[in-house]
Amino acid sequence: MPDSWAGLVQVAILLGALALVYRPFGDYLARVYTSEQHWKAERALYRLFRVNPSSEQRWSTYAVSVLAFSFVSIVVLYLLQRLQPVLPWNFGRGAIEPGMAFNTAISFVTNTNWQSYAGEVAMGHFVQLAGLTVQNFLSAAVGIAVAVVLVRGFVRRSTDRLGNFWVDLTRGTIRVLLPISVVVAVVLVALGVVQSLRSGVTVSNPDGSQSTIALAPAASQEAIKELGTNGGGIFNANSSHPFENPSSWTNLLEIFLLLVIPVSMTRAFGTMVGSRRQGYTLLSVMGVLWGVMLAVAWWAETHPNGPAALLAGASLEGKEQRFGIGQSVLFATSTTGTSTGAVNSMHDSFSGLGGGVPLLNMLLGEVTPGGVGAGLYGILVLAVIAMFLAGLMVGRTPEYLGKKLGRREVTCAAVAMLAMPTVVLLGTGAALLMPGELDTALNNTGPHGLSEVLYAYASAGNNNGSAFAGLTVTSDWFQSSLGIAMLIGRFIPIIAVLCLAGSLAAQRKVPETPGTLPTTSPLFGSLLAGTVVLVAALTFIPALALGPIAEALA
Amino acid sequence: MLKSLFSQCRAALRVLLVFTLLLGVVYPLGVWAVSRLPGLEHRAEGSLIERNGTVVGSSLIGIDPVFDGPPTRDPWFHTRPSASAEGPLGPGDPSASGGSNKSAFDPGQVELVRQRRQLVAERENVPPSAVPADAVTASASGVDPDISEAYADLQTARVARNTGLSEARVRDLVAEHTSTHGIGVRSVNVLELNLAVRDARSTLVP
């Protein structure tokens with residue numbers, strides 16, 4: 001099959017599969033977080049945790065639980081990496097140096113999974129499994145929990161109780177992430193993904209030479225890495241490595257996995273608020289933006305303008321033969337539209353416009369369709385902003401889903417929305433002021449060099465984790481500044497979103513009047529999409545103009 | 001508040017420890033145990049290919065064969081370039097994966113593509129314009145097992161000449177090792193093809 005047909009077939013099967021599971025899986029997600037029943041296994045876990053599953057928390061207590069859990073997770077993951085020499089299965093790989101361990105600990109706990117390390121060289125199996133794989137699950141479960149709390153804020157009336165963090169965390173893990181991962185991991189093995197406890201195998205090549213091929217328990221991590229929109233690979237080359245992603249079938253399965261929860265969360269949202277059309281509206285905004293991004297990236301990569309690509313005859317640098325251009329841009333668009341950041345091709349080698357798409361996808365705030373949980377609360381925050389803007393235009397106090405959007409609600413939404421652009425622009429700006437750092441870090445010159453730095457902070461600030469990976473980020477400056485960018489990009493929005501949920505839940509429901517803007521209409525959809533694009537455009541056009549846009553027009 | 005934070009941290013630690021056991025030990029080792037089933041184990045251990053009791057490679061990993069003599073006498077099909085290779089062509093390091101991450105505007109990258117085009121054209125004895133794109137661009141993983149049909153076609157005449165096989169025979173072998181894997185881009189697996197060529201050669205009467 002030629003490249004473009006293979007890509008189109010993959011898009012068609014992908015959309016078909018997502019449509020097939022959308023209703024049942026979305027409804028299942030809603031049930032998971034609304035059911036009064038605890039499973040037996042969950043009760044046993046709650047006893048071990050010594051938490052009372054029936055006591056619900058205020059938004060502030062919920063936030064303290066999230067922060068405490070994330071803080072403890074970062075400390076433990078940091079220590080695991082530092083103590084690697086005394087842990088089993090290290091294969092002689094030494095302690096991860098402090099800057100890298102700091103960055104990686106934050107990266108995996110914030111659902112970023114930025115890789116400043118080369119997996120098969122730096123990390124032994126124990127740290128990969130007991131450290132990194134665990135946070136692949138838990139950081140995803142935290143994201144979904146926060147989104148669910150925001151939905152509860154819209155649903156509940158006159159209460160300060162928003163659920164129990166430990167229950168939401170446990171249910172997301174036990175009822176959603178773990179069972180799917182078990183099944184998918186075995187399917188991935190059947191399709192050729194490795195699940196080996198060896199560090200590698202020496203092979204005698206036909207030409208008489210010998211090579212060592214790295215092995216790892218990849219399938220168990222690959223499954224949750226995509227399902228939880230995490231993205232941190234066992235291997236340095238991530239999902240372009242044939243042991244992580246050996247064929248078009250695994251490619252399709254992996255893209256499906258990284259989209260399935262964010263997409264289905266809109267159905268869960270609609271079900272929980274009692275109007276499924278509310279969810280469809282959000283999904284159509286996400287879907288249209290995703291489709292436009294895919295089309296632009298596809299066109300750009302099949303029409304390269306860089307001299308090396310023109311000389312080669314196609315933009316195949318950093319792409320795998322079995323995926324070609326179609327399946328590479330499909331993966332790139334989906335991994336940056338969610339907060340996954342896994343890659344099956346090297347975005348750094350994309351054309352100016354083609355690489356600009358993944359970058360812009362992140363700068364839109366990752367809502368096309370966004371990370372697990374983070375995508376839903378991200379777009380709901382933008383919906384609040386959109387209603388606020390609409391309210392300003394008609395001079396009326398805005399409402400959304402029967403809740404008034406007053407000063408406190410809009411402030412929370414604005415804080416949640418502005419955290420990411422702040423760290424992206426300040427981080428990029430600060431890095432550009434350090435020529436000593438840039439000289440050793442950049443892999444490319446000119447506008448593409450700027451794009452590498454901008455991409456790094458966009459990826460960290462949005463907890464994406466993909467990279468223009470030519471940038472060398474092992475200096476203390478990059479390890480620490482990107483680590484802090486990830487922390488701010490994750491937890492400021494989470495706190496603001498929980499606060500927003502708290503003030504929404506405390507309200508009574510306001511009845512709909514003829515003046516209420518229906519939030520299931522195409523008008524609202526356009527307003528929301530316009531807000532997403534406009535906010536990103538106003539914030540980032542100057543930076544984008546100097547990087548990807550300059551390169552695209554060269 | 002501080003007391004609450006402290007008690008939350010203790011709860012967090014308990015939750016993390018229990019989940020580490022479940023998600024970091026039981027889950028991956030459980031998947032590992034299932035992957036010991038016949039039919040799965042071969043794949044879980046890297047789809048290795050054995051010949052006469054020695055492991056000669058993995059059908060999923062492309063390692064470019066090296067020929068010490070003059071390039072025009074080279075009997076091997078070659079993989080795509082690897083970013084971790086020492087020269088413009090040649091084998092990369094399969095124990096450390098990755099791409100070049102070079103932009104198409106990078107002057108060094110332009111020069112590299114030009115060199116590769118030249119070297120491949122000389123090896124195959126064709127004009128540089130006949131060399132396909134995948135032959136002059138490094139893959140994402142550096143261990144891409146596949147090449148395009150065009151690149152396999154380009155190498156067929158040389159391999160036939162240097163192995164004593166007929167071109168038609170080599171072309172048949174290429175076709176046998178070309179697949180879309182159902183829904184993918186048509187690709188030729190280089191290691192499997194090279195082994196098939198070697199096997200076919202060994203049955204020739206010298």
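Two residues are in contact if their C-beta atoms, placed from the backbone, lie within 7 Å. The legends below refer to a predicted model.

**Figure 1. Surroundings of Ser187(B) in strand β5 of chain B.** Contacts of Ser187(B) with residues up to four places away in sequence are not counted here. Beyond these, Ser187(B) touches Gln321(A) and Arg322(A) in chain A. Within chain B, Ser187(B) touches Asp146(B), Ile147(B), Ser148(B), Thr178(B) and Ser179(B). A residue is buried if 20 or more other C-beta atoms lie within 10 Å of its own; Ser187(B) has 27 and is therefore buried. Glu149(B) lies 38 residues from Ser187(B) along the chain, and the C-alpha atoms of the two are separated by 6.1 Å.

**Figure 2. The open sheet of chain B, with strand order β3-β5-β4.** The sheet has 3 strands, and their pairing is antiparallel. The edges are taken by β3 (146-147) and β4 (178-179) of chain B; each has a single partner strand, so one side of each is left without a neighbour in the sheet. Between β3(B) and strand β5 (residues 187-189) of chain B, the antiparallel pairing runs over 2 bridges. In this pair, Ile147(B) stands opposite Val188(B) of β5(B). Helix α6 (residues 190-202) of chain B packs on the sheet and touches β3 and β5 of chain B. The direction of helix α6 of chain B makes about 55° with that of β5(B).

**Figure 3. Domains of chain B and the contact between chains A and B.** Chain B is divided into domain 1, covering 2-42, and domain 2, covering 59-202. Taken over C-alpha atoms, the centres of domain 1 and domain 2 of chain B are separated by 43 Å. The contact between the chains takes 101 residues from chain A and 86 residues from chain B. On the side of chain A that touches chain B, the residues divide into 56 nonpolar, 35 polar and 10 charged.

**Figure 4. The hairpin of β1(A) and β2(A).** Strand β1 (residues 200-204) and strand β2 (residues 210-214) of chain A pair in the antiparallel sense over 5 bridges. Thr202(A) stands opposite Thr212(A), which belongs to β2(A). The hairpin has 5 residues between the strands, and Gly208(A) takes a positive phi near 100°.

**Figure 5. Surroundings of Ile325(A) in helix α12 of chain A.** Helix α12 of chain A comprises residues 324-337. Ile325(A) is buried, because 25 other C-beta atoms lie within 10 Å. With residues up to four places away in sequence left out, Ile325(A) touches Asp3(A), Gly7(A), Glu301(A), Thr302(A), Ser315(A) and Lys319(A). Ala297(A) lies 28 residues from Ile325(A) along the chain, with 9.7 Å between their C-alpha atoms.

**Figure 6. Overall fold of chain A, as context for the close-up views of this chain.** The secondary structure of chain A comes to 19 helices and 4 strands. Along its principal axes, the C-alpha trace of chain A spans about 80 × 55 × 50 Å. The radius of gyration of chain A is 23 Å, which agrees with the value near 24 Å for a compact globule with 554 residues. Buried residues make up 64% of the 554 residues in chain A. Among contacts in chain A between residues at least 6 apart in sequence, 79% join residues at least 24 apart.

Methods: Residues are numbered from 1 along each chain as its sequence is written. Chains are lettered from A and ligands numbered from 1 in the order in which they are written. This is a predicted model: local features need pLDDT of at least 70, side-chain atom pairs count only at pLDDT 80 or more; totals for chains, interfaces and linings use all residues. The radius of gyration is taken over C-alpha atoms; the globule rule is 2.2 Å times the number of residues to the power 0.38. A residue is buried if 20 or more other C-beta atoms lie within 10 Å of its own, exposed if 12 or fewer, and partly exposed in between; C-beta atoms are placed from the backbone. Domain bounds come from an automatic or database domain assignment. Ala, Val, Leu, Ile, Met, Phe, Trp, Tyr, Cys and Pro count as nonpolar, Asp, Glu, Lys and Arg as charged, and the others, Gly among them, as polar. Two strands pair if DSSP finds at least two bridges between them. Axes are lines fitted to C-alpha atoms, for helices over the stretch in contact, and angles run from 0 to 180 degrees between N-to-C directions.
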